Amino acid sequence: MARMSYISSVERYHEYEHVIHSLLESILMSIEDGLTKVRDTRYLIKQYPFLELQYCLNAEGLQQGNNVCFKRAYSKKLGESGNQQDLSERPYFLNAKASDKVCFTDPYISIATNHLCISAIKELKKPINNQHYLVVDVSLTQLIEFVMGDTARANMSPYFKAGYGIIVACLFCLVLFLLNIVFSDIYALLTHVDTSSDPLEPFSIIIYITLALAVFDLGKTILEEEILMHKDIFRHSSTRRTITRFISTVLIAISIEALLTMFKAALGQSEYLMPAIAMMLAVVGLLIALAIYVYLGAKAETLLMRARLKQKSSK
């Protein structure tokens, strides 16, 4: 459940590009109003947590004054730098000189913060102290989370990861416990050879191995899906992938148990025959249900993507 990946951020940016540009235009107007009226704009930090840097350029593209940092993490590093920096060759400055509208960059990795960001530049209606252009850098990931109303959940993700980490650690401890039983039983089986012993005794070892495999696979799935990988909860494919992997783990465990039960029935314990058949039928039912779920989910997502493309083309 990592924060948004770069690919997802860029995809979402193009999806909500019009909304993002409108929002940044209004923020630039508020900052410009604060510059002309010497009004405190620190309220923007709490209202728009995705803001990172603000600076002004003269008509030649030279930065006028140091960077204004909206985040404390960058204030020491960037707060006292930037003055007289030559940005005249930057594409956004060249675009702003050629147009009287607010200009935006494509997503890029910021040299200042090493994060994926975009810059918005606006020509000031009334230049102040040789400041002709106002530039704002914003964190693209946090901006998209803000637009989608996902900021609170994203801020809670470290705590969610910690909870999942505890669960995964408990599952892996259980795997070690089961493997300890397996090794102990194997050692006892090899060192105490008895020709009159029950021929089904080794099956208990296989059962423990199967349980260890199922629990390990479950812990691995949680670790990968909820901690290590980015999971876009707004896309059905992410949820469908998690459910598919979980059901696959259950299917493997039930299939092995059904096979073992069938072996017991074949060795003379006929009372295990019907439970084995029932488990096999359960496996078949789960496979059919999973196939239907994956097919319908993929089809629904395809239709949704087509509808969004049509909506974009109509605009």
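**Exercise 1. Cysteines**

At 11% relative accessibility, C103 counts as buried; take this residue of the predicted model as the starting point, classify C69 as buried or exposed, and state how many disulfides a search of the whole structure finds.

*Solution.* The cut-off for a buried residue is a relative accessible area under 20%. For C103 the value is 11%, so this cysteine falls in the buried class. For C69 the relative accessible area is 18%, and C69 is therefore buried as well. The remaining step concerns disulfides, of which a search of the whole structure finds zero.

**Exercise 2. The aromatic cluster**

Determine how the rings of Y48, F50 and F146 are linked, and work out which class each ring pair belongs to.

*Solution.* A pair of aromatic rings is described by the distance of the centres and the angle of the planes. Searching the whole structure yields five aromatic pairs. In one of them, formed by Y48 and F50, the ring centres lie 5.8 Å apart and the planes stand at 50°, so the pair is tilted. The next step is to take F50 together with F146, whose ring centres are 5.2 Å apart and whose planes meet at 65°, so this pair is edge-to-face. The pair of F50 and F146 joins distant parts of the chain, since F50 sits in the loop between helix 3 (43-47) and strand 1 (51-57), while F146 belongs to helix 6 (residues 140-147), 96 residues apart. Through these ring pairs Y48, F50 and F146 are linked into a cluster. As for accessibility, Y48 is buried at 14%, F50 is buried at 0%, and F146, at 29%, counts as partly exposed.

**Exercise 3. Helix 1**

Identify which residues of helix 1 (residues 6-15) are buried, and establish how they are arranged around the axis.

*Solution.* The buried residues in helix 1 are S8, S9, R12 and Y13. Because they cover an arc of only 135° around the axis, these residues lie on the same side of helix 1.

**Exercise 4. The surroundings of I277**

Locate I277 among the helices, assign its accessibility class, and give the separation of its C-alpha atom from that of M262.

*Solution.* I277 is found in helix 10, which covers residues 273-314. With a relative accessibility of 34%, I277 counts as partly exposed, a class that lies between the cut-offs of 20% and 50%. Along the chain I277 and M262 are 15 residues apart, and their C-alpha atoms are separated by 7.9 Å.

Technical notes: Residues numbered from 1 in each chain as written. Predicted model: local features only at pLDDT ≥ 70, side-chain atom pairs only at ≥ 80, totals over all residues. Heavy atoms only, no water. Buried < 20%, exposed > 50% of the residue type's maximum accessible area, 1.4 Å probe, protein only. Helix = DSSP H or I, 4+ residues; strand = E, 2+ residues; numbered from the N terminus. Arc of directions from axis to C-beta. Disulfide = S-S within 2.5 Å. Phe/Tyr/Trp six-rings, centres within 6.5 Å; stacked < 30°, edge-to-face > 60°.
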